[in-house]
Amino acid sequence: MKTTDLCDQYASELQVIGSEFQSYGKRKSFSGPIKTVKVFEDNVLVKEALETIPSGSVLIVDGGGSKRRALLGDQLAEIAQNRGLAGIIINGCVRDSEELSQMDVGILALGTHPLKSKKEGKGEKNIPLSFLSVNWSPDDYVYVDPDGIVLSTKALEN
């Protein structure tokens, strides 16, 4: 579903984000129910979530907007691709961008950084998040395409 069409039909019910993120995965349009993790420069919980959330889900990672370390690289993206996840949206950075561009999964992030994350296992999962002036709640739905991101409390049709 195109985000523009969803906005035309459901604007009063949606939260909308424009072009704050860059796309790194092969899949430029994706949607699904949201699952969440909140971390800071540490991707242990990101990996755990990618290994356990249901196929078709979109993992939302609140990395605090840090641009000092990457929270996702080719190895974690491969887990997401192999498990059939729809996508990953990261309020932070990724690395291995050339490899990510070949992965059949949606990947959005604020930018790239070559330094890998810490491995301390700190953070929280499956909690409501708030960044970029929107609220990301587990089991809400997200719709992504090159025009932006649309969040809804329910699955939408158009």
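Before you click anything, one definition: a residue is buried under 20% relative accessible area, exposed over 50%, and partly exposed in between, using a 1.4 Å probe and protein chains only. What you have open is a predicted model, where local features need pLDDT of at least 70, side-chain atom pairs count only at pLDDT 80 or more, and totals for chains, interfaces and linings use all residues. Residues are numbered from 1 along each chain as its sequence is written, and side-chain values use heavy atoms, with hydrogens and water left out.

**Stop 1: Lys-122**

Select Lys-122. Buried or exposed? At 55% relative accessibility, Lys-122 counts as exposed. You'll find Lys-122 in the loop between E7 and strand E8 (124-125); the helices (H or I, at least four residues) and strands (E, at least two) on this tour are DSSP runs, numbered from the N terminus. Now add Val-39: 83 residues separate the pair along the chain, yet their C-alpha atoms are 6.5 Å apart. Leaving aside residues up to four places away in sequence, Lys-122 touches Val-39, Asp-42 and Leu-45, where a contact means heavy atoms within 4.5 Å.

**Stop 2: Leu-71**

Val-39 and Asp-42 come up again here, since both are among the residues that Leu-71 touches. Other partners of Leu-71 include Asn-43, Leu-76, Ile-90 and Cys-93. Leu-71 sits in strand E5 (residues 70-72) and, at 2% relative accessibility, counts as buried. For a longer hop, draw a distance from Leu-71 to Ala-109: 38 residues apart in sequence, 9.5 Å apart in space, C-alpha to C-alpha.

**Stop 3: strand E6**

Next, select residues 87-94, which make up strand E6. All of it is hidden: 8 of the 8 residues are buried, so E6 is largely enclosed by the rest of the structure. Which strands does E6 pair with? Two strands pair if DSSP finds at least two bridges between them, and there are several partners to show:

- Strand E4 (residues 58-62) pairs with E6 in the parallel sense over 5 bridges; look for Ile-60 opposite Ile-89.
- E5 runs parallel to E6, joined by 2 bridges, and Leu-72 has Val-94 as its bridge partner.
- Strand E7 (residues 106-112) is also parallel to E6, with 6 bridges; here Cys-93 stands opposite Gly-111.

While you have side chains switched on, keep a general point in mind: in a regular strand they alternate between the two faces of the sheet.

**Stop 4: the largest pocket**

Put a surface on. A pocket here is found on a 1 Å grid over the protein atoms alone, as an open set of points where a 1.4 Å probe fits, with protein on both sides within 12 Å along at least five of seven lines; lining residues have an atom within 4 Å of a point. The largest pocket has a volume of about 290 Å³, a volume being the space filled by probe spheres set on the points, which are joined across faces, edges and corners. To centre your view, select Asn-43, Gln-75, Leu-76, Arg-95 and Lys-119, the closest to the pocket's centre of the 16 residues that line it.

Helix H2 (44-52), E5 and helix H3 (74-82) each supply at least two lining residues, and H3 gives the largest share, 4 residues. Colour the lining by class and you get 6 nonpolar, 4 polar and 6 charged residues. In this scheme Ala, Val, Leu, Ile, Met, Phe, Trp, Tyr, Cys and Pro count as nonpolar, Asp, Glu, Lys and Arg as charged, and the others, Gly among them, as polar.

**Stop 5: the second largest pocket and E11**

About 160 Å³ of space lies in the second largest pocket. Of its 13 lining residues, Phe-21, Leu-108, Asp-145, Pro-146 and Gly-148 lie nearest its centre. Strand E2 (22-23), strand E11 (141-145) and strand E12 (148-152) each supply at least two residues of this lining.

Stay on E11, which is mostly covered, with 4 of its 5 residues buried. A hairpin joins E11 to E12 through 2 residues, and the two strands run antiparallel with 5 bridges. One bridge to find is Tyr-141 with Ser-152. E11 also pairs with strand E3 (residues 30-38), antiparallel over 4 bridges, where Gly-32 stands opposite Val-142.

**Last stop: zoom out**

Show the whole protein as a cartoon: 4 helices and 12 strands. Of its 158 residues, 48% count as buried. The C-alpha trace spans about 45 × 30 × 25 Å along its principal axes.
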